[in-house]
Amino acid sequence: LADVLGAMFAGVLCYYFGALANFYALSLIQANVERALLFSYPAMVIVFHALWTRERPATSTLISVALTSFGVLLVTGATDQSLTQQQLIGVGWVLFCSVTIALYFMMSASLTQRLGSGNFTAIAMTTAGVAFLLHYQLQGSTRWLSMPPDAIAQMLGLVLFATILPLVCVAEGVRRIGAARGAVISALGPPATAGMAFYLLGERLSYAQHSGMLIIVASITFLELRHRR
């Protein structure tokens, strides 16, 4: 029962409160700045793990976190933005979301060992979904019920293939390799997005973005090679 309650808490914390904070932040700041700040959670996982276990992180891990964070800044182009006071409030909300993701990684590392990655993800996501359903019912908003069929189909595709399936894979990965390594490796998200935008959508990438992608991939490869040794 305690493990189930823990999975429910993780889902509500990260994918209800954290998601609300992140979407609100997107109304205040640019998406590229939001992406760069959001991917500060691998560093937070390293810090939380060190505080929890009272063990100093490996030097290779610290180097990889620093390099991937710098690479994310280059890929998203966040360094080219100047922030107003209102946008700084959005920065705070994104950092709050990053904290919830870091805590989600930490909790999943232990809970998936006992519940399994599939059960943990199902419990967490179902609880978060119920929380959002209650949220909109209390607001009296039922506009989502009148969505056109093609929009509903796209939403279902996003839920199944861009949310549930990746989260199950992440939970299983964290179960196998731990929260710290899993969080650092997940920093492959921004360069993967940039690469697909380049090849599938024909978007142009700057030299800085190409450099950031190479830095992220190289730093994660370095971490994994060091771990295998």
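So, where does H1 bend, and by how much? Bear in mind that this is a predicted model. The answer is Gly18, where H1 turns by about 30 degrees.

Let's stay with that helix for a minute. H1 runs over residues 2–26, so to speak 25 residues. From first C-alpha to last, H1 reaches 35 Å, close to the 36 Å you'd expect at 1.5 Å a residue. Gly18, where the bend sits, is also on the list of buried residues in H1. Others on that list include Gly6, Ala7, Ala10, Leu13, Cys14, Tyr16 and Asn22. And what covers them? The cover over the buried residues of H1 includes helix H2 (31–38), helix H5 (85–115) and helix H6 (117–139).

H5 brings me to the next bit, its crossing with helix H7, residues 149–177. Their axes come within 8 Å and cross at roughly 75 degrees, which means H5 is roughly perpendicular to H7. By class, that contact has 5 nonpolar, 3 polar and 1 charged residues. On the H5 side you've got Phe105, Ser108, Ala109, Thr112 and Gln113. They meet Val170, Ala171, Val174 and Arg175 in H7.

Last stop, Arg181, which lies in helix H8, residues 179–185. Is Arg181 buried or exposed? Buried, because its relative accessible area is 16% and the cut-off for buried is under 20%. Leaving out residues up to four places away in sequence, Arg181 touches Glu224 and His227. Gly129, on the other hand, is 52 residues from Arg181 in sequence and 28 Å away in space, C-alpha to C-alpha.

Note on methods. Residues numbered from 1 in each chain as written. Predicted model: local features only at pLDDT ≥ 70, side-chain atom pairs only at ≥ 80, totals over all residues. Heavy atoms only, no water. Helix = DSSP H or I, 4+ residues; strand = E, 2+ residues; numbered from the N terminus. Buried < 20%, exposed > 50% of the residue type's maximum accessible area, 1.4 Å probe, protein only. Contact = heavy atoms within 4.5 Å. Expected span 1.5 Å × (residues − 1). Bend = angle between axes of the 7 residues up to and from the residue. Axes fitted to C-alpha atoms, helices over the stretch in contact; angles between N-to-C directions. Parallel < 35°, antiparallel > 145°, perpendicular 65-115°, else oblique. Nonpolar A, V, L, I, M, F, W, Y, C, P; charged D, E, K, R; others polar.
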